[in-house]
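Me: I would like to go through the reasoning behind a few labels, one at a time. Please set each value against its definition.

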Amino acid sequence: MMKLSLGPILWFWSKQSVFDFYGKAAEWPVDTIYLGEAVCSRRRELKPDDWFDLARDLKACGKEVVLSSQTLIESEADLRRLRRICDQHEFAVEANDQSALQVAVRNRIPFISGPSMNIYNVATLKVLARQGLKGWNLPVELGRETLDQLIRGLKEEGLDLPAEVFAWGFLPLAWSSRCFTARHYNLPKDNCEFRCLEHPDGMELRSRESQELFRLNGISTLSGSRYDLMRELPDMERMGVSTVRLSPEHLGMDEVVKRFDQVRRGEVPATDPLQLVEAPPCNGYWYGKPGMDLVG
């Protein structure tokens, strides 16, 4: 049976909110939990020791824990935090950029490539496997056809590299050295007053026609529609996908996990997660269509 994972929290939540969220997640039917700040270095509600303590607590609850690295490394301070994550040998690391990959390889620590890593072919996966890659995430802009080719190619090469697919949540699309949330409030990035705390699921960005195009989240831009591949789980299982990833949100996440767990067990959920949230659904990338499209 496929595993369920909780990706790292992409939003900026208070320290207590994070603790409360993972206190509940410890009881959810998820197999793997990714922990750590993956977006902005100014989000310091939790220190590295807090993340390590959370990781040990969740491991004691039977969860597999992976420490996520920051996606955009911009300073020596960012590198110090990255080295701190990769200096331990209790947990695997999710490498979300090339620098994290290099530090993990140097420290000989098992690592997983995150969805922001540009992995498009089997040749890349073969190189990374020789360096310690233990699993990989399909980039969010790729779909079923490419995933199937990659899984088949790995089998032909005799490589056992578990594949993970982002299956629920706002799609992380881009990162910038500029902070869009601070810009919205006419504040400099280095004195942003941590306004992201006021937007626990990001800021909606709509077109002139009132179409929800994107979500602004500090230095990152996410899809305005929520990606949902719940109905595709049986197909993923047939292809050989190991894990489906659910991206945390501050409301309704327990119900989303429950529905995905029911589907992976072959049950029909009583309600659809799409009815639990206020955002248009999308699944276009999975079918090779524009990402904001809803197919089927």
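Reply: Let us begin with accessibility: buried means under 20% relative accessible area, exposed over 50%, and partly exposed in between, with a 1.4 Å probe and protein chains only. This is a predicted model, in which local features need pLDDT of at least 70 and side-chain atom pairs count only at pLDDT 80 or more, while totals for chains, interfaces and linings use all residues. Residues are numbered from 1 along each chain as its sequence is written, and side-chain values use heavy atoms, with hydrogens and water left out.

Me: Why is cysteine 196 called buried?

Reply: Its relative accessibility is 10%, and the limit for buried is under 20%, so cysteine 196 counts as buried. Cysteine 196 also touches Phe12, Arg43, Thr181, Asn217 and Gly218, leaving aside residues up to four places away in sequence, where contact means heavy atoms within 4.5 Å.

Me: What makes leucine 205 partly exposed?

Reply: The relative accessible area of leucine 205 is 35%, and partly exposed is the class between under 20% and over 50%, so the label partly exposed applies.

Me: How do you know that Cys40, Cys179, Cys192 and Cys196 gather at one spot?

Reply: The four are covered by the annotation "binding site" in an unreviewed UniProt entry; UniProt positions are given in the numbering used here, feature names are shortened, and annotations may be inferred rather than shown by experiment. They span 157 residues in sequence, yet no two of their C-alpha atoms are more than 11.7 Å apart, so they gather at one spot.
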